[in-house]
Amino acid sequence: MLVGSRISLIAGLITIALASLMGMIYGGIAGYIGGLTDEIMMRVSEMVMAFPGIILAMTIAAALGPSLHNTLLAMVIIWWPNYARVMRSMVIANKENEYVEAAKSLGASHFRIFFNEIMPNSLGPVLVLATLDFGNAILLFSGLSFLGLGSPPPTPEWGAMVADGVLNFNYWWIGTFPGLAILTMSVGTNFIGDSLRDFLDPRLRKEI
């Protein structure tokens, strides 16, 4: 089970890292430029979000073939729009602040304003969302592996171990402990995400 945790944890980490990076850049550009460009870019993200995530991931993984890389690609495709929408809303709110106007008055370029002024002040909600999604990414990857769409055997992975437990029902421990590991990671990352949100919220910090 400990060997299988490497694949599950690394897969979840890579998925959230790539999806959040892609979504932050995409949504940040849309929110900063605004206008028709913003409308078109957000409609594209909404097209992806219109499909049920698990169904879309299964379709992409099945079409590309069962492998670790294809499964990660499918997960990134279904997850990046969430980060794009969050980052877009933060950029729209922050680009009207005084420090952005001060940077413009000093002659700073749009590139510098976007990456040095706006992006660093918009990362809080994205970090919270990434922490909350980490457990969900492990859960989704394990579900795809359970269906035979994840890392191919004999690569050890929690979802594949649970599938083996179904085939060997009399040996209950084969599927029980990987399932408990998935449950623990999903619940634990949600608690961490809630704590991080409370820490980054200045209103709650003042109350504390």
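This passage describes the packing of helix α2 against helix α4, the salt bridges at and beside that contact, and the nonpolar core. The structure is a predicted model, in which local features need pLDDT of at least 70, side-chain atom pairs count only at pLDDT 80 or more, and totals for chains, interfaces and linings use all residues. Residues are numbered from 1 along each chain as its sequence is written, and side-chain values use heavy atoms, with hydrogens and water left out.

Helices and strands were taken as DSSP runs numbered from the N terminus (helices H or I, at least four residues; strands E, at least two). Two packed helices are described by the angle between their axes and the distance between the axes. Helix α2 spans residues 35-49 and helix α4 residues 68-94; their axes come within 8 Å and cross at roughly 145°. The axes are lines fitted to C-alpha atoms, for helices over the stretch in contact, and angles run from 0 to 180 degrees between N-to-C directions. The crossing of α2 past α4 is left-handed, a term used where the near helix is turned anticlockwise from the far one by less than a right angle.

On the α2 side, the contact (heavy atoms within 4.5 Å) is made by D38, M42, S45, E46, V48 and M49. Helix α4 contributes I77, I78, W80, P81, N82, R85, R88 and I92. By class, these residues comprise eight nonpolar, two polar and four charged. Here Ala, Val, Leu, Ile, Met, Phe, Trp, Tyr, Cys and Pro count as nonpolar, Asp, Glu, Lys and Arg as charged, and the others, Gly among them, as polar.

Four salt bridges were counted, each defined by a side-chain nitrogen of Lys or Arg within 4 Å of a carboxyl oxygen of Asp or Glu. One of them joins R88 to D38, with the closest N and O atoms 2.7 Å apart. This pair connects helix α4, which holds R88, to helix α2, which holds D38, across 50 residues of the chain. D38 is buried, because its relative accessible area is 6%, whereas R88 is partly exposed at 23%. Buried means under 20% relative accessible area, exposed over 50%, and partly exposed in between (1.4 Å probe, protein chains only). Apart from neighbours within four places in sequence, D38 is in contact with A30, G31, R88 and I92.

A second bridge between the two helices pairs R85 with E46, at 3.3 Å between the closest N and O atoms. R85 belongs to helix α4 and E46 to helix α2, so this bridge ties together parts 39 residues apart in sequence. R85 has a relative accessible area of 37% and is partly exposed; E46, at 31%, is also partly exposed. Within helix α2, R43 and E39 form a salt bridge of 2.5 Å, N to O. These two residues are four residues apart, about one turn of the helix. Both R43, at 37%, and E39, at 41%, are partly exposed. E39, R43, E46 and R85 are linked in a network of salt bridges.

In soluble globular proteins, nonpolar side chains tend to be buried together. The largest nonpolar core contains 45 residues, of which M75, W79 and Y83 touch the most other members. Such a core is a set of buried Ala, Val, Leu, Ile, Met, Phe, Trp, Tyr and Cys residues joined through side-chain atoms within 4.5 Å. Helix α4 gives the most to this core, with 11 residues. Leaving aside neighbours within four places in sequence, M75 is in contact with T15, A137, L140, F141 and L144.
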